[in-house]
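These are my notebook entries from reading one structure. I record what I looked up and what I found in each case.

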Amino acid sequence: MEPDHIIESIKRTARELFRQNGYHKTSVNTLAKKAKIAKATVYKYFDSKEMILHAILMDYLRASLLDILKTTKYEDDMASFLASTILRVSRLTYTACNELIGWEFIRESANAQEYLKTLSEDLEFLLLSTFIQNEKINEAISEEKLTFLIKSSKSIVFSFAFTAVSDADVRKNFISFQKEILPYLVQATIL
């Protein structure tokens, strides 16, 4: 079997098992058995179960980001376009982490902290590269300013994900971010 097919088989099986049993209750042994491959083969392609989750999450975020860029209306107002896009991506990322991993686990696990750092860096790279490939954005804003917007937004959203105690806190933080912080970040970016 080709390596690409094996990797896709592992991810497909993991998605199914994570949905069915939850991430924490799915073992690599169960995953390998269900995918009909050796456990060593799983580790040949992925360093850990977290990295399988990471690959699944990044595939999802990549596809969703492209969809967000296609469906966000751009009417010669770069500020509104950027604010809307950043807000949608931030909500998407928060929701994906909450649904797939759970913030309690992330807050309490040393492995999850390292994983979250990897996710944060890869998400930043994904956003920046996708924004640069978008003609409208690339023509209007320098890479340096886009980097500022993405890093700032990402840091704020991840920080309130860690400090929120309830879903109501998260909603309140997103509203505050949308109304009180994001407009200033976008203005600093487009000036």
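**Helix α10**

I began with the length of α10 in this predicted model. At 1.5 Å a residue, its 24 residues should span 34 Å, and I found its end C-alpha atoms 32 Å apart, which agrees. I then looked for a bend and found one of about 45 degrees at isoleucine 181 in α10. A proline, proline 183, follows that position within four residues. I listed the buried residues of α10 as Val170, Phe174, Phe177, Leu182, Leu185, Val186 and Thr189. An α-helix has 3.6 residues a turn, so residues three or four places apart point the same way.

**Helix α1**

I made the corresponding length check on α1, which has 19 residues. From first C-alpha to last, α1 reaches 26 Å, close to the 27 Å expected at 1.5 Å a residue. I noted Ile6, Ser9, Ile10, Lys11, Thr13, Ala14, Leu17 and Phe18 as its buried residues. Against which elements do the buried residues of α1 pack? I found α2, α3 (39-45) and α4. I also looked at what follows α1, namely glycine 22, and its phi is positive, near 90 degrees.

**Chain overview**

I counted 10 helices and 0 strands in the protein chain. Along the principal axes, the C-alpha atoms fill a box of roughly 55 × 40 × 25 Å. Of the 191 residues, 44% count as buried. I also examined the sequence separation of contacts: among those between residues at least 6 apart, 68% join residues at least 24 apart.

**Domains**

The chain is divided into domain 1 (1-46) and domain 2 (49-190). I recorded a distance of 27 Å between their C-alpha centres. The contact takes 12 residues from domain 1 and 11 residues from domain 2.

**Nonpolar core**

I next looked up the largest nonpolar core, which holds 56 residues. Those touching the most other members are Ile52, Leu61, Leu82, Leu119, Phe131, Ile137 and Phe177. The elements giving two or more residues to this core are α1 (3-21), α2 (28-35), α4 (49-71), α5 (78-100), α7 (110-133), α9 (143-163) and α10 (167-190). Which element gives the most to this core? I found that α5 does, with 11 residues. The core draws at least three residues from each of domain 1 and domain 2. In soluble globular proteins, nonpolar side chains tend to be buried together.

I followed one core member, isoleucine 52, to its partners. Leaving out residues up to four places away in sequence, isoleucine 52 touches Ile10, Ala14, Leu31, Val42 and Phe46.

**Threonine 130**

I located threonine 130 in helix α7. Is threonine 130 buried or exposed? Its relative accessible area is 8%, under the 20% limit, so I entered threonine 130 as buried. Beyond residues up to four places away in sequence, threonine 130 touches Leu65, Leu66 and Leu69.

**Lysine 34 and lysine 36**

I placed lysine 34 in helix α2. With 43% relative accessibility, lysine 34 counts as partly exposed. Apart from its neighbours within four places in sequence, lysine 34 is in contact with Thr13, Glu16 and Leu17. I also checked lysine 34 against serine 80, 46 residues apart along the chain, and their C-alpha atoms are separated by 46 Å.

Lysine 36 sits in the loop between α2 and α3. I noted its phi as near 60 degrees, a positive value in a residue other than glycine. Most residues other than glycine have a negative phi. Lysine 36 has a relative accessible area of 76%, and I therefore entered it as exposed, the limit being over 50%.

**Record annotations**

Finally, I consulted UniProt, where an unreviewed entry places the feature "domain: HTH tetR-type" at residues 4-64. Over residues 4-64 I found the chain to be 80% helix and 0% strand, with the end C-alpha atoms 22 Å apart. The UniProt annotation "DNA-binding region", also from an unreviewed entry, covers residues 27-46. Over residues 27-46 the chain is 75% helix and 0% strand, and the end C-alpha atoms are 14 Å apart.

Definitions and conventions
Residues numbered from 1 in each chain as written. Predicted model: local features only at pLDDT ≥ 70, side-chain atom pairs only at ≥ 80, totals over all residues. Heavy atoms only, no water. Core = buried A, V, L, I, M, F, W, Y, C linked by side-chain atoms within 4.5 Å. Buried < 20%, exposed > 50% of the residue type's maximum accessible area, 1.4 Å probe, protein only. Domains from an automatic or database assignment. Contact = heavy atoms within 4.5 Å. Expected span 1.5 Å × (residues − 1). Bend = angle between axes of the 7 residues up to and from the residue. UniProt positions renumbered as here; feature names shortened; annotations may be inferred.
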